[in-house]
Amino acid sequence: MLKVHNEGRGVCGLFPRDIAATKVEQVGTFARQHQHPLACVMEEN
């Protein structure tokens, strides 16, 4: 959490594409519902 605070971003996990897409959707939905300014994106390595 401190890395994200200091640098603006951080890696939270490495997952297969379908699981990562589901997690990104879940995090985005939760953040919007609770009015949190959280962005979650999926990047390919």
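Exposed means over 50% relative accessible area. Keep that cut-off at hand for the exercises below, which work on a predicted model.

**Exercise 1. Find the salt bridge inside helix α1 and explain its spacing.**

Step 1. Start with the count. The structure holds 3 salt bridges.

Step 2. Pick the pair. The side chains of E7 and K3 meet in a salt bridge, at 2.8 Å from N to O. That falls within the 4 Å cut-off.

Step 3. Check the spacing. E7 and K3 sit 4 residues apart in helix α1, which covers residues 2-7, so about one helical turn separates them.

Step 4. Check exposure. E7 has a relative accessible area of 55% and is exposed. K3, at 47%, counts as partly exposed.

**Exercise 2. Which parts of the chain does the salt bridge between E43 and R9 tie together?**

Step 1. Take the distance. E43 and R9 pair through their side chains at 2.5 Å, N to O.

Step 2. Place both residues. E43 lies in the segment after α2 (17-33), and R9 lies in the loop between α1 and α2. The pair therefore ties together parts that are 34 residues apart in sequence.

Step 3. Add accessibility. Both E43 and R9 are exposed.

**Exercise 3. Do the same for E44 and its partner.**

Step 1. Name the partner. E44 forms a salt bridge with R17, and their closest N and O atoms are 3.3 Å apart.

Step 2. Place both residues. R17 belongs to helix α2, while E44 lies in the segment after α2. This pair thus ties together parts that are 27 residues apart in sequence.

Step 3. Apply the opening cut-off. E44 and R17 are both exposed, so each has a relative accessible area over 50%.

**Exercise 4. Decide why C12 and C40 form no disulfide.**

Step 1. Recall the rule. Two cysteine sulfurs must lie within 2.5 Å.

Step 2. Compare the distance. The closest cysteine sulfur to that of C12 belongs to C40, and it is 5.3 Å away, too far for a bond.

Step 3. Turn it around. C40 is in no disulfide either, and its nearest cysteine sulfur is that of C12. The count comes to 0 disulfides.

Step 4. Check the surroundings. C12 is exposed, with a relative accessible area of 73%. C40 is partly exposed, at 26%.

**Exercise 5. Describe the largest pocket: its volume, its lining and the elements that contribute.**

Step 1. Give the volume. The largest pocket holds about 1,000 Å³ of space.

Step 2. Count the lining. It is made of 26 residues. Nearest the centre are G10, V11, C12, C40 and V41.

Step 3. Assign elements. α1 and α2 are the elements that give two or more residues to this lining. α2 gives the most, with 5 residues.

Step 4. Sort by character. The lining divides into 16 nonpolar, 5 polar and 5 charged residues.

**Exercise 6. Where is F15, and what does F15 contact?**

Step 1. Locate F15. It is found in the loop between α1 and α2.

Step 2. Read its exposure. With a relative accessible area of 41%, F15 is partly exposed.

Step 3. List contacts. Setting aside neighbours within four places in sequence, F15 is in contact with A20 and K23.

Step 4. Look along the chain. M42 is 27 residues from F15, and their C-alpha atoms are separated by 9.7 Å.

Terms used. Residues are numbered from 1 along each chain as its sequence is written. This is a predicted model: local features need pLDDT of at least 70, side-chain atom pairs count only at pLDDT 80 or more; totals for chains, interfaces and linings use all residues. Side-chain values use heavy atoms; hydrogens and water are left out. Buried means under 20% relative accessible area, exposed over 50%, partly exposed in between (1.4 Å probe, protein chains only). On a 1 Å grid over the protein atoms alone, a cavity is a set of points where a 1.4 Å probe fits but cannot get out, and a pocket is an open set with protein on both sides within 12 Å along at least five of seven lines; lining residues have an atom within 4 Å of a point. Grid points are joined across faces, edges and corners, and a volume is the space filled by probe spheres set on the points. Ala, Val, Leu, Ile, Met, Phe, Trp, Tyr, Cys and Pro count as nonpolar, Asp, Glu, Lys and Arg as charged, and the others, Gly among them, as polar. Contact means heavy atoms within 4.5 Å.
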